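Here are my notes for your first look through this one. Keep the viewer open and find each spot as you read.

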Amino acid sequence: MACAWDFQFRVLLLGDSGVGKTSLLRRYTEDEFTDTTGPTVGVDFCSRIEEPEAGVKVRLQFWDTAGQERYRAVTRSYYRNAACVILLFDLTAHKTFESIKNWHREVTERAQPQPLLFLLLGTKSDMREQRNVSQEEAQSLAHSMRAPYLETSARTGSNVSAALSLLCRELLGAGRQEKQAAEEHGCSVVEEMPQKKNGCTC
């Protein structure tokens, strides 16, 4: 049976507990938001197929990781073969922003092969009065990591689709280069497919 997509990428979401990783994915994949989202236990999986160019389908596999320290050993096992890492922090909680450097360092030290791309997202941008992280300091951090930076709100949907569409285009460009290099060397990579989770498109 023919494959339903042309490219497939594993995207890992990292950040402290409560920054809104699950809410962002739910807004992106289901266009829904709820205030009662509980903490992720271990790792959850979902996916979505994008068409960044006419006739080119890209399947993004999202691995939503727990931010709690007690699950860190579990989430580390998913660093392998990540094409992209989305680093998220809560714009209303400066401590979660301070943790980004640690998340970034941990991935760069442990991921094999190294992720092709990082994306930095500030969440809860709709809560303007409670904001504790300035756009300037967030952009400075993103620049130091050579990562694009956007501010998002899962509640309103602001910049959620824009962020993931940007990610998809960047991954497509990198994927084409990798595919070309693999074909030149006569090799290919086959990755085990995870099981479908409820509420997401596979």
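1. Start at the end of helix H5. Just after H5 comes arginine 146, and its phi is positive, near 55 degrees. Keep in mind that this is a predicted model, so every value in this note is computed from predicted atoms.

2. Now step back into H5 itself, which covers residues 135–144. Which residues of H5 are buried? They are Ala138, Leu141 and Ala142. If you look down the axis of H5, these buried residues fall within an arc of 100 degrees, so they line one face of the helix. Turn to the face pointing away from that buried side and you'll find the exposed residues Glu136, His143 and Ser144.

3. What covers the buried residues of H5? The cover includes three strands, S4 (84–90), S5 (117–123) and S6 (149–151). Helices H3 (94–98) and H4 (100–110) are also part of the cover.

4. Since H4 has just come up, have a look at its own two sides. Its buried residues are Ile100, Trp103, His104, Glu106 and Val107. Viewed down the axis of H4, they fall within an arc of 165 degrees, so here too the buried residues line one face of the helix. Lys101 and Glu109 are exposed, and they sit on the face of H4 turned away from the buried side.

5. Next, the charged pairs. Side chains of opposite charge can pair when their charged atoms come close. How many salt bridges does a search of the whole structure find? It finds six, and the next three points each take one of them.

6. Try aspartate 90 and lysine 124, whose side chains meet in a salt bridge at 3.1 Å, N to O. Aspartate 90 lies in strand S4 and lysine 124 in the loop between S5 and H5, so the pair ties together parts that are 34 residues apart in sequence. Is aspartate 90 buried or exposed? With 7% relative accessibility it counts as buried, while lysine 124 is partly exposed at 26%.

7. Glutamate 151 and arginine 131 form another salt bridge, with their closest N and O atoms 2.5 Å apart. This pair also links distant parts of the chain: glutamate 151 belongs to strand S6, arginine 131 to the loop between S5 and H5, and they are 20 residues apart. Glutamate 151 counts as buried, at 15% relative accessibility. Arginine 131 is partly exposed, with a relative accessible area of 32%.

8. The third one to check joins aspartate 31 and arginine 27, where the closest N and O atoms are 3.0 Å apart. Aspartate 31 is exposed, its relative accessible area being 56%. Arginine 27, on the other hand, is buried at 15%.

9. Stay with arginine 27 for a moment, as it also takes part in a meeting of two helices. The axes of H1 (residues 21–30) and H6 (residues 160–184) come within 10 Å and cross at roughly 85 degrees. That makes H1 roughly perpendicular to H6. H1 makes the contact through Leu24, Arg27 and Tyr28, and H6 through Val160, Ser161 and Leu164.

10. Click on valine 160 in helix H6. Valine 160 is buried, with a relative accessible area of 2%. Along the chain, valine 160 and arginine 27 are 133 residues apart, yet their C-alpha atoms are separated by 7.5 Å. Leaving aside neighbours within four places in sequence, valine 160 is in contact with Leu24, Arg27, Tyr28, Thr152, Ser153 and Ala154.

11. Finally, zoom out to the whole protein. There are six helices and six strands, and along the sequence they follow the pattern β-α-β-β-α-β-α-α-β-α-β-α. Of the 202 residues, 46% are buried. Take the contacts between residues at least 6 apart in sequence: 74% of them join residues at least 24 apart. As for the outside, the accessible surface comes to about 10900 Å², and 46% of that belongs to carbon and sulfur atoms.

How values were computed: Residues are numbered from 1 along each chain as its sequence is written. This is a predicted model: local features need pLDDT of at least 70, side-chain atom pairs count only at pLDDT 80 or more; totals for chains, interfaces and linings use all residues. Side-chain values use heavy atoms; hydrogens and water are left out. Buried means under 20% relative accessible area, exposed over 50%, partly exposed in between (1.4 Å probe, protein chains only). Helices (H or I, at least four residues) and strands (E, at least two) are DSSP runs, numbered from the N terminus. The arc is that of the directions from the helix axis to the C-beta atoms. Contact means heavy atoms within 4.5 Å. A salt bridge is a side-chain nitrogen of Lys or Arg within 4 Å of a carboxyl oxygen of Asp or Glu. Accessible areas come from the Shrake-Rupley method with a 1.4 Å probe; for residues, only the protein chains shown count as cover. Axes are lines fitted to C-alpha atoms, for helices over the stretch in contact, and angles run from 0 to 180 degrees between N-to-C directions. Angles under 35 degrees count as roughly parallel, over 145 as roughly antiparallel, 65 to 115 as roughly perpendicular and the rest as oblique.
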